[in-house]
Amino acid sequence: MNQSFQWDRGWQGQLRLVYAKKSDSTYLTHAYHHAPFKIQRSFYPEGKSICHNIILHTAGGMVGGDRLTTDIHLHPHSQVLTTTATANRIYRSNGPLSAHHVHIKMDEGATLEYLPQETIIFNGANYQQTLRVELGTGSTFIGWEIYRFGRTARGEKFIQGEMRSQTELWQDKVPLWIDRQYVPGNEDIFHSAHGLSGCPVVGTLVFVGMPVDSDLVSQARSLITSHPSSGVTRLEQGLLCRFRGHSTSEVKQWFMNVWKILRSNYLSYDIIKTQAIPRVWQL
Amino acid sequence: MELTLTPENFLHILQIGSPSLPIGAYCYSEGLEMLVENGTINDSSTLRNWLTSELTYGAIRVDAAIIKRSYECIHIQDLENLQNWNHWLSAFRETEEMRAASWQMGNSFVSLLKNLIPESSDLLRLINSCQYPINYPIAYSLACSHWHIQIHTALLAYLHSWLTNLITSSVKLIPLGQTIGQVLLIELQPVLIQIVSEIDTMKDDDLYCCNWGLSLASMQHETQYSRLFRS
């Protein structure tokens, strides 16, 4: 039995990743993982400058009492893409919280694409997630989060429990984007037009680090496939997309298409190559 | 909750809490124009549900909680955190239209205050410490603090003014009779009182909202073909 599992408290998993750029190549220079986290070997599907990593959660999901922390540090000018191998699951809890806290520090000129797969929140789950990113001068961050509330394939609705997700992006001690989303499990929220409107899937894509022009906003809007479910707006230093619908593959496809135009217009990367799309996404 | 008011307090709050204060509140529908066009809101019942949800779970509740925080910062002269909360609100605005509305109303409010309270070096120092642009809830707390308006009174007036504005917009948009709008305003009084008493015990860790519908409606309003309102 691994030391990080405690019968009274659940998993106390930790993941620490440090990246650095040396002569045009980004390396994972330090990796520490404590179960249930595991990190696969870095790979370079689009050349040595951008390091790809897939994070595994070996337990397959989180129960009440699990507390995971992730720390990622990008040294100047490193370029990193991280995703996860599978969807994350948050199981029903009889009270205790499942929590995942992520802290990311980005040095000058670093670029991070933080693109985990979706999280499925079982009815009755009690989940809290925090993501705090500190951007250095000239660094850019693109991230998304996708949630499915209830195992809809089984006809389950999210009417018990609670989800809280807090995303904060800061630069020079000034917040660039603060998102405080909670979804209390109840029929009101699930059905109201103001809340989930009967839609079990929500998603947010955020890009921050430089002002975007209205042309890019129009492009992101033109990629929308379901208009009532989707919206795009501009942040002071970036772009925000929101989705509220029924299909995780629909939101992933749209976000991926927006990600491609952000990459080619703002990250000065080459037009995305097919091999740059993580295979684990399997859209 | 009990409110204590001097005659001066009463008159000041009537003035700055008035929906007709010339800071442009009537220009904004906060997504309602889109929701009426797409049929989500089409009568007084769907409107009541929407407004109740926004008060109970939405961004307006967080705004009111920030007024309380900013008011307390002014009281203890914590200018650093006053500025932090102003920045926090700018970053918390979900859409370009909602951010622009908050800044426009905040900056107009501050310009008006400079005329209502001329030659107040205290007020100018507070305004400058917030840094431009100033969000409307922060500007509002500056005025309430200056005139010593008790926080519960300030918050009730703020939410009431917000509600009056949105009902007035909806009466034009849906359209509804003026009387139906006034009935709704009376019916929602208990919700306003409930929210203000909840804000009393809210911690910074409880500043959350659940308003996917508002966020999407506001984003979609930005490209609505024919518009009367600026949000």
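How many bridges join strand 18 of chain A to strand 19 of chain A? Six, and the two strands run antiparallel. Keep in mind that this is a predicted model.

**Stop 1: strand 19 of chain A**

Select residues 230–235 of chain A for strand 18. Then add residues 238–245 for strand 19. A hairpin of two residues connects strand 18 to strand 19. Now select residues 201–208, which form strand 17 of chain A. Strand 17 also runs antiparallel to strand 19, and eight bridges join them.

Click on A:R242. In strand 18, the residue opposite A:R242 is A:G231. In strand 17, the bridge partner of A:R242 is A:T204.

Is strand 19 mostly covered or mostly open? Mostly covered: eight of its eight residues are buried. Color its two faces separately. One side carries A:G238, A:L240, A:R242 and A:R244, and these are buried. The other side carries A:L239, A:C241, A:F243 and A:G245, and these are buried too.

**Stop 2: the cysteines**

How many disulfides does a search of the whole structure find? Zero, over all chains. A disulfide is a covalent bond between the sulfur atoms of two cysteines.

Select A:C199 and B:C210. The sulfur of A:C199 has its closest cysteine sulfur in B:C210, 12 Å away, so the two are too far apart for a bond. A:C199 is buried, at a relative accessible area of 9%.

Go on to B:C209. B:C209 is in no disulfide either; its nearest cysteine sulfur, that of B:C210, lies 7.7 Å away. B:C209 is buried as well, with a relative accessible area of 1%.

**Stop 3: a salt bridge in chain A**

Side chains of opposite charge can pair when their charged atoms come close. The count of salt bridges over all chains is 22. Three of them follow, starting with this one.

Select A:R263 and A:E113. They form a salt bridge, with the closest N and O atoms 2.7 Å apart. How many residues separate the two along the chain? The answer is 150, so show both elements: A:R263 sits in helix 3 of chain A (residues 248–266), and A:E113 in strand 11 of chain A (residues 111–114).

Are the partners buried or exposed? A:R263 is buried, with 0% relative accessible area. A:E113 is buried too, at 0% relative accessibility.

**Stop 4: a salt bridge in chain B**

Switch to chain B and select B:R48 and B:E187. Their side chains meet in a salt bridge, 2.7 Å from N to O. This pair also links distant parts of its chain, 139 residues apart. Show helix 3 of chain B (residues 44–57) for B:R48, and helix 10 of chain B (residues 178–187) for B:E187.

Color both residues by accessibility. B:R48 is partly exposed, with a relative accessible area of 28%. B:E187 is partly exposed at 39%.

**Stop 5: a network in chain A**

Which residues do salt bridges with shared partners join into one network? Select A:R132, A:E134, A:E168 and A:R180. Then zoom in on A:E134 and A:R132. They form a salt bridge, and their closest N and O atoms are 3.5 Å apart. A:E134 counts as partly exposed, at 28% relative accessibility. A:R132 is partly exposed, with a relative accessible area of 31%.

Methods: Residues numbered from 1 in each chain as written. Chains lettered and ligands numbered in written order. Predicted model: local features only at pLDDT ≥ 70, side-chain atom pairs only at ≥ 80, totals over all residues. Heavy atoms only, no water. Buried < 20%, exposed > 50% of the residue type's maximum accessible area, 1.4 Å probe, protein only. Helix = DSSP H or I, 4+ residues; strand = E, 2+ residues; numbered from the N terminus. Pairing = 2+ DSSP bridges. Disulfide = S-S within 2.5 Å. Salt bridge = Lys/Arg side-chain N within 4 Å of Asp/Glu carboxyl O.
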